[in-house]
Amino acid sequence: MTTATPLGGTTFFSLNVTTREEDFLYKSSGAIVAAIVVIVIVIFTVVLILLKMYNRKMRTRRELEPKGPKPASPSALGPNNNSSQHPATVTFSPVDVHVDTR
């Protein structure tokens with residue numbers, strides 16, 4: 001936006017300061033968004049690297065630990081273990097559904 005100010009016999013045009021400030025804000029907001037995107041990417045990368053290191057450490061720990069003896073037979077575990085004595089079976093029976101028609 002320009003304004004004309006007569007001064008004697010000549011007219012001077014001055015730019016409004018708000019357009020420069022708005023342009024600066026638009027440019028800086030783009031830079032802020034770009035900085036936020038870069039920070040988010042860096043955080044995701046760090047988390048991914050940490051998870052990969054943790055996974056590798058736990059895998060090597062599992063592979064290097066000594067294998068235990070085979071589990072005892074179900075009868076040796078005690079009388080509270082009923083799952084091996086009576087296998088769980090599920091039977092489905094149709095249910096009569098009566099729908100009243102109006």
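**Surface, helix and salt bridge of the predicted model**

The accessible surface of the protein chain amounts to about 10300 Å², and carbon and sulfur atoms account for 65% of this area. The structure is a predicted model. Of the 102 residues in the protein chain, 1% count as buried. The secondary structure consists of one helix and two strands, arranged along the sequence in the pattern β-β-α.

Helix 1 covers residues 17-64 and includes Leu50. An unreviewed UniProt entry places the feature "transmembrane region" at residues 31-51. In the model, this span is 100% helix and 0% strand, and its end C-alpha atoms are separated by 30 Å. A nonpolar patch of about 540 Å² is present on the surface, formed by Val38, Val42, Val46, Ile49, Leu50 and Met53.

One salt bridge is found in the structure. It joins the side chains of Arg59 and Glu63, with an N to O distance of 3.5 Å. Both partners belong to helix 1, and because they are four residues apart there, about one helical turn separates Arg59 from Glu63. The two residues fall into separate accessibility classes, for which the upper cut-off is relevant: a residue is exposed over 50% relative accessible area and partly exposed between 20% and that value. Arg59 therefore counts as partly exposed, with a relative accessibility of 48%, whereas Glu63, at 51%, counts as exposed.

Notes: Residues are numbered from 1 along each chain as its sequence is written. This is a predicted model: local features need pLDDT of at least 70, side-chain atom pairs count only at pLDDT 80 or more; totals for chains, interfaces and linings use all residues. Side-chain values use heavy atoms; hydrogens and water are left out. UniProt positions are given in the numbering used here, feature names are shortened, and annotations may be inferred rather than shown by experiment. Patches are made of residues with over 30% relative accessible area and no salt bridge: like charges are joined within 9 Å, nonpolar side chains (Val, Leu, Ile, Met, Phe, Trp, Tyr) within 5 Å. Accessible areas come from the Shrake-Rupley method with a 1.4 Å probe; for residues, only the protein chains shown count as cover. A salt bridge is a side-chain nitrogen of Lys or Arg within 4 Å of a carboxyl oxygen of Asp or Glu. Buried means under 20% relative accessible area, exposed over 50%, partly exposed in between (1.4 Å probe, protein chains only).
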